[in-house]
Amino acid sequence: MNPLIINKEETETVYLFNEAQADLHIVQQEASTLNLFVLHLTDLSCMQHIHIQQEGEHCRTNIYGLAVLKGKQEYLCDTLLEHQKENGTSTLIFKYLLFDEAKGEFVGRLKVQPNAQHTDASQTNRNIVLSDKAKMRTMPQLEIYADDVRCSHGATTGALDNEAIFYMQQRGLQKDLARQLLLQAFAEDIFEKMPIQQQEQARNLFTQRI
């Protein structure tokens, strides 16, 4: 599969919406910007492999992902982001909601090559498990071969905040509505990064799933 090339100083927005299978390879040239949105809001089980290469200096990469898994659904998202030249920046935020007996896995690999000094990269994976039988596995991996960089990663997996639900019920909201509002708030920072014309569609798909 030939990679998608983002030319010098160009900005490209790419969407993976409910793809049954995906192997995505993108190469960024100098001073280019990539905005990648990965939404998995379907009953399909799948594996997705995403490989981003910053081949030029001053590249910017933004990856925003959201998955809602139900039943016995399984979903793996494997990302590899390579910083190969100086002054590159990247932000990755990926979130999972897991119901029933669903299984989720996120692999976030960040590689900073020796020539990629002054890289600024962050990676975040946040997950809410809504059933005792659901399982989430997260594996952040950093490979840093340059010494003047700023790189960070964080991963959290937990349950929905019952105290917050109780607080909202005390103020007159039904439990189901309180739960729905908390889940919508969890996902909102993904939606707000999207262009306006795609936000409504994404929110509607999400609301139907939860």
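A salt bridge is a side-chain nitrogen of Lys or Arg within 4 Å of a carboxyl oxygen of Asp or Glu. In this predicted model, the side chains of Glu188 and Arg203 satisfy that criterion, with an N to O distance of 2.5 Å. Glu188 belongs to helix H2 (residues 175-191) and Arg203 to helix H3 (residues 196-209), so that the pair, 15 residues apart, links distant parts of the chain.

## Salt bridges

Over the whole structure, the search returns seven salt bridges. Three of them are set out below, the Glu188 pair among them.

| Acidic residue | Basic residue | N to O distance |
|---|---|---|
| Asp78 | Arg109 | 3.2 Å |
| Asp120 | Arg150 | 2.6 Å |
| Glu188 | Arg203 | 2.5 Å |

Asp78 and Arg109 form a salt bridge at 3.2 Å, N to O. The pair connects distant parts of the chain, with Asp78 in strand S7 (residues 74-83) and Arg109 in strand S9 (residues 103-112), 31 residues apart. Asp78 has a relative accessible area of 12% and is buried, whereas Arg109, with 27%, is partly exposed.

A salt bridge also joins the side chains of Asp120 and Arg150, at 2.6 Å from N to O. Here too distant parts of the chain are linked: Asp120 lies in strand S10 (residues 120-129) and Arg150 in strand S12 (residues 150-158), 30 residues apart. Asp120 is partly exposed, with a relative accessible area of 28%, and Arg150 counts as exposed at 58% relative accessibility.

In the helical pair, Glu188 is partly exposed, with a relative accessible area of 27%. Arg203 is likewise partly exposed, and its relative accessible area is 27%.

## Strand S8 and its neighbours

Strand S8 (residues 89-98) is largely enclosed by the rest of the structure, because nine of its ten residues are buried. Strand S6 (residues 60-69) runs parallel to S8 and is joined to it by ten bridges. Within this pairing, Asn62 has Thr91 in S8 as its bridge partner. S8 is also joined to S10 by ten bridges, and these two strands run parallel. Leu92 stands opposite Gln123 in S10.

Thr89 lies in strand S8 and is partly exposed, with a relative accessible area of 23%. Leaving aside residues up to four places away in sequence, Thr89 touches Gln54, Cys59, Arg60, Thr61, His83 and Asp120. One of these contacts, with Arg60, includes a polar contact of 3.0 Å between the two side chains. The C-alpha atoms of Thr89 and His118 are separated by 8.7 Å, the two residues being 29 residues apart along the chain. Asp120, one of the residues that Thr89 touches, is also the acidic partner of Arg150 in the salt bridge described above.

## Cysteines

The search of the whole structure finds zero disulfides. The closest cysteine sulfur to that of Cys46 is in Cys77, at 8.4 Å, which is too far for a bond; a disulfide would require the two sulfur atoms to be within 2.5 Å. Cys77 is in no disulfide, and its nearest cysteine sulfur is that of Cys46, 8.4 Å away. Cys46 counts as buried at 7% relative accessibility, and Cys77 is buried with a relative accessible area of 0%.

## Aromatic pairs

The count of aromatic pairs comes to seven. The rings of Tyr15 and Phe37 are stacked, because their centres are 5.6 Å apart and their planes lie at 20°, an angle under the 30 degrees that stacking requires. This pair links distant parts of the chain, Tyr15 being in strand S2 (residues 11-17) and Phe37 in strand S4 (residues 33-40), 22 residues apart. Tyr15 counts as partly exposed at 28% relative accessibility, while Phe37 is buried with a relative accessible area of 2%.

Phe191 and Phe206 form an edge-to-face pair, with 5.5 Å from centre to centre and 70° between the planes. Phe191 is in helix H2 and Phe206 in helix H3, 15 residues apart, and the pair links distant parts of the chain. Phe191 counts as buried at 2% relative accessibility, and Phe206 is buried with a relative accessible area of 1%. Helices H2 and H3 are thus connected by this aromatic pair and by the salt bridge between Glu188 and Arg203.

Ring pairs also link Tyr15, Phe17, Phe37 and Tyr64 into a cluster.

How values were computed. Residues are numbered from 1 along each chain as its sequence is written. This is a predicted model: local features need pLDDT of at least 70, side-chain atom pairs count only at pLDDT 80 or more; totals for chains, interfaces and linings use all residues. Side-chain values use heavy atoms; hydrogens and water are left out. Helices (H or I, at least four residues) and strands (E, at least two) are DSSP runs, numbered from the N terminus. Buried means under 20% relative accessible area, exposed over 50%, partly exposed in between (1.4 Å probe, protein chains only). Two strands pair if DSSP finds at least two bridges between them. Contact means heavy atoms within 4.5 Å. A polar contact is a pair of N or O atoms within 3.5 Å; within protein, one must be able to donate a hydrogen and the other to accept it, and residues adjacent in sequence count only if both atoms are side-chain atoms. Rings of Phe, Tyr and Trp (its six-membered ring) pair if their centres lie within 6.5 Å; planes under 30 degrees apart count as stacked, over 60 as edge-to-face and the rest as tilted.
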